[in-house]
Amino acid sequence: MPLIRRKRINIGLVLPFLVIALVFGGMFWHKYQDSRKIPPAPHIRQPSGTRTAVLFFVADGSRLAREARELEPCSETGVCIKDTLDALLSGSMGDYDEAIPESTALNGVRIEGATAVVDLSQGFAADLPSGSSAEMLAVYSLVDTVCTNYPQISQVKLTVEGNGSTVLGHLDLSKPLTPDYSLEQASGQAPEIAAPPIPKKGKP
């Protein structure tokens with residue numbers, strides 16, 4: 001029976017091809033893996049820190065008083081005003097009373113030049129205590145809060161459920177209102193022209 005000679009493979013010739021195949025195979029594998037990865041979301045720079053807002057509440061049942069509140073930073077005026085008024089509607093963190101009925105909701109804020117148009121829910125007009133003093137405190141709690149924190153806003157137009165001709169028991173809201181800082185003075189005291197300094201948080 002004749003012997004069959006097996007051809008011996010020259011490893012020196014095959015080895016370079018194996019190396020090349022492994023290199024290219026690894027490259028294709030990495031590209032395939034990269035194509036399946038979910039790209040990371042772009043990093044959006046957020047404003048850092050907080051901003052201090054001045055909110056107007058009722059002290060002694062007869063006057064407005066200022067309370068400082070730390071809020072999240074923002075950049076668009078309408079959004080910032082809405083955030084500030086939301087904080088006002090949430091109530092005092094100190095010993096002050098709310099001038100605005102708890103049933104009041106803020107429907108929206110829009111900017112028209114130097115005027116901020118603030119739309120409130122029906123609860124604002126329906127649930128206000130009777131009397132001109134209560135109406136004045138509620139209305140100017142809103143107006144003074146907006147104009148004190150945003151100097152570019154010189155007046156505030158209050159609407160109720162989009163109605164720009166709302167008349168309360170004693171106050172006509174059909175026209176924009178400018179701030180009235182004399183309401184920070186107790187009854188019987190002469191009003192100051194300049195607004196007093198901001199008190200410490202939670203203290204009149």
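Strands, like helices, are DSSP runs numbered from the N terminus, and a strand needs at least two residues. With that settled, a walk through this predicted model can start at strand E5, which covers residues 155-160. Glutamate 161 turns up in the segment after this strand. Its phi angle sits near 55 degrees, a positive value in a residue other than glycine. As for how much of glutamate 161 is open to the outside, its relative accessibility comes to 47%. Exposed would take over 50%, so glutamate 161 counts as partly exposed.

Aspartate 60 also has a positive phi, near 60 degrees, and it too is a residue other than glycine. Where does aspartate 60 sit? Its place is the loop between strand E1, residues 51-59, and strand E2, residues 63-71. The relative accessible area of aspartate 60 is 66%. That value lies over the 50% cut-off, so aspartate 60 is called exposed.

Next up is asparagine 149, which belongs to helix H4, a stretch running over residues 132-149. Is asparagine 149 buried or exposed? It has a relative accessible area of 19%. Since buried means under 20%, asparagine 149 makes the cut as a buried residue.

The side chain of asparagine 149 has a couple of polar partners worth a look. In one pair, a polar atom of this side chain lies 2.7 Å from the backbone oxygen of valine 54. In another, the side chain of asparagine 149 reaches the backbone oxygen of threonine 145, at 2.6 Å. Which residues does asparagine 149 touch once its neighbours within four places in sequence are left aside? The list reads Thr52, Ala53, Val54 and Thr84. Val54 therefore shows up both in that contact list and as the owner of the backbone oxygen at 2.7 Å, a pair that falls within the 3.5 Å limit for a polar contact.

Then there are the cysteines. A disulfide is a covalent bond between the sulfur atoms of two cysteines. How many disulfides does the model hold? The count comes to 1. The partners are cysteine 74 and cysteine 80, with their sulfur atoms 1.8 Å apart. Because the rule asks for sulfur atoms within 2.5 Å, this pair qualifies.

The two partners get their own labels for accessibility. Cysteine 74 has 25% relative accessibility and is partly exposed, whereas cysteine 80, with a relative accessible area of 6%, is buried. Cysteine 147 has a relative accessible area of 7%, so under the 20% cut-off it is buried.

Terms used
Residues are numbered from 1 along each chain as its sequence is written. This is a predicted model: local features need pLDDT of at least 70, side-chain atom pairs count only at pLDDT 80 or more; totals for chains, interfaces and linings use all residues. Side-chain values use heavy atoms; hydrogens and water are left out. Helices (H or I, at least four residues) and strands (E, at least two) are DSSP runs, numbered from the N terminus. Buried means under 20% relative accessible area, exposed over 50%, partly exposed in between (1.4 Å probe, protein chains only). A polar contact is a pair of N or O atoms within 3.5 Å; within protein, one must be able to donate a hydrogen and the other to accept it, and residues adjacent in sequence count only if both atoms are side-chain atoms. Contact means heavy atoms within 4.5 Å.
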